[in-house]
Amino acid sequence: MCIRDSLERFGRMYQNKFADFFRAVDSVTENSLRGYLDQLEAVDMKIKTSDFPAQVLLEKFLYSYCRGTPGSI
């Protein structure tokens, strides 16, 4: 395989990843984004003001985010 073939293959892969990323970004509404940021702010406050392990709080947020359900942090 020559360098040109490698660069062309990489270019196609980059374009696909770029398109996938922006398809995901474009699917998030402004209200959803605000909700996620509010939840992360609540997680941050709990990390700073409680004895809950940060990992547990972040995992709980990520779990609810991936399921597409709002979580009470």
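## Overall shape

A compact globule of 73 residues would have a radius of gyration near 11 Å, whereas the protein chain has 19 Å. This is a predicted model. Along its principal axes, the C-alpha trace of the protein chain spans about 55 × 25 × 20 Å.

## Helices

The protein chain holds 3 helices and 0 strands. Read from the N terminus, the order of elements is α-α-α.

## Surface and burial

Few residues are covered: 8% of the 73 residues of the protein chain count as buried. Here, buried means under 20% relative accessible area. The accessible surface of the protein chain is about 6400 Å². Carbon and sulfur atoms account for 60% of that surface.

## Charge

Positive and negative side chains of the protein chain number 10 each. The centres of the two sets are 5 Å apart.

## A look at helix 3

Helix 3 covers residues 54-67, which makes 14 residues. At 1.5 Å a residue, helix 3 should span 20 Å. Its end C-alpha atoms are 20 Å apart, so the expected span and the model agree.

Which residues of helix 3 are buried? They are Leu57, Phe61 and Ser64. These three cover an arc of only 70° around the axis, so they sit on the same side of helix 3. The other side of helix 3 carries exposed residues: Gln55, Tyr63, Cys66 and Arg67. Exposed means over 50% relative accessible area. Helix 3 thus has a side with buried Leu57, Phe61 and Ser64, and another side where Gln55, Tyr63, Cys66 and Arg67 are exposed.

Note on methods:
Residues numbered from 1 in each chain as written. Predicted model: local features only at pLDDT ≥ 70, side-chain atom pairs only at ≥ 80, totals over all residues. Heavy atoms only, no water. Helix = DSSP H or I, 4+ residues; strand = E, 2+ residues; numbered from the N terminus. Rg over C-alpha atoms; globule rule 2.2 N^0.38 Å. Buried < 20%, exposed > 50% of the residue type's maximum accessible area, 1.4 Å probe, protein only. Areas by Shrake-Rupley, 256 points an atom, 1.4 Å probe, with all protein chains shown as cover. Lys, Arg positive; Asp, Glu negative; His and termini not counted. Charge placed at Lys NZ, Arg CZ, Asp CG, Glu CD. Expected span 1.5 Å × (residues − 1). Arc of directions from axis to C-beta.
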